[in-house]
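Me: I should like to go through this structure by question and answer. Please reason briefly and end each reply on the value or name requested.

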Amino acid sequence: MSGRRNIMSRKSVTDGRILVLALVLALVLLLGLCVAVAIFWATRGDPAVKELEFCFSNKCVDLFKKTFENAISVISLTFSVLVAIATVGGIFVALLVYRETVRANSLSNHISHLALFRSYVEKEVGRMNMLRESSVDSHCWYVLMFPQSRVGDTTISFEYNRAFEEIRKCILSSNSSATRAENGSFRFLAHQDQVIAALKGVGLTIRRQPRMEFFELEGEIYQLIDSVNSAFCYSEPIERLPDRRYR
């Protein structure tokens, strides 16, 4: 609804400027005609003009043009000014309409793209055993990934790349710890806290759980992230998350 109100508001602004242009043209035309009529009326009172005969010969026409030359010049100047204003104003209005059309299309594309993203995430989450929709804020995820989507730009943001890198670092760090671990010294609780904090950065909220349940949920989340990145990061492909060695 807010998007529709914005479009209607922009349309009202455009219509208002077109109305202003029309009013300016009408005012210039009225002013020019008033001045021309005033000059014509003043000239008409001249005694020499009253002696002119009504005819359509070349001599009469030339005499009429010469007699009312000032009034005719005002009318000619008025129409020249009207053409100039209409040309410049028409170009301005055309650019304005084009810009508003681009904005409206960008907003429409943004809404469609966001709806597609949400639908895709919802469908993927529905396939999971542990992950629930309540844990996934798809709008937050989308805005982080495409902050300029409203203006038609679906380039992956630096912030999303940074958030994704934090998740990747968590996996690599835990892989390294698990490789060096001796006699079960892998710090599961520390790993769990790191993963929870990293996932929160992209709109994924999970809580502490027992070891096996958490590892299963973690795996489903990474599968979801890789799937979304593969489907939507077409402008700038993102590599898949590394395999886990600490399960």
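Me: How many aromatic pairs does a search of the whole structure find?
Reply: The model is a predicted one. Ring pairs were sought across the whole structure, and the number found is eight.

Me: Which geometry, stacked or edge-to-face, does the aromatic pair of F117 and W141 have?
Reply: A pair of aromatic rings is described by the distance of the centres and the angle of the planes. For F117 and W141, the centres are 5.9 Å apart and the planes meet at 85°. Planes over 60 degrees apart count as edge-to-face. The pair of F117 and W141 is therefore edge-to-face.

Me: Which helices does this pair of F117 and W141 link?
Reply: The two residues are 24 residues apart, and their pair links distant parts of the chain. Both F117 and W141 are buried. F117 belongs to helix α4, and W141 belongs to helix α5. The helices linked are α4 and α5.

Me: Is S157 buried or exposed?
Reply: S157 sits in the loop between α5 and α6. Its relative accessibility is 6%, and the limit for a buried residue is under 20%. S157 therefore counts as buried.

Me: Which residue has its backbone nitrogen 3.0 Å from a polar atom of the S157 side chain?
Reply: S157 touches L144, M145 and P147, leaving aside residues up to four places away in sequence. The backbone nitrogen lying 3.0 Å from a polar atom of the S157 side chain is that of Y160.

Note on methods:
Residues numbered from 1 in each chain as written. Predicted model: local features only at pLDDT ≥ 70, side-chain atom pairs only at ≥ 80, totals over all residues. Heavy atoms only, no water. Phe/Tyr/Trp six-rings, centres within 6.5 Å; stacked < 30°, edge-to-face > 60°. Helix = DSSP H or I, 4+ residues; strand = E, 2+ residues; numbered from the N terminus. Buried < 20%, exposed > 50% of the residue type's maximum accessible area, 1.4 Å probe, protein only. Polar contact = N/O pair within 3.5 Å; in protein donor to acceptor, adjacent residues only side chain to side chain. Contact = heavy atoms within 4.5 Å.
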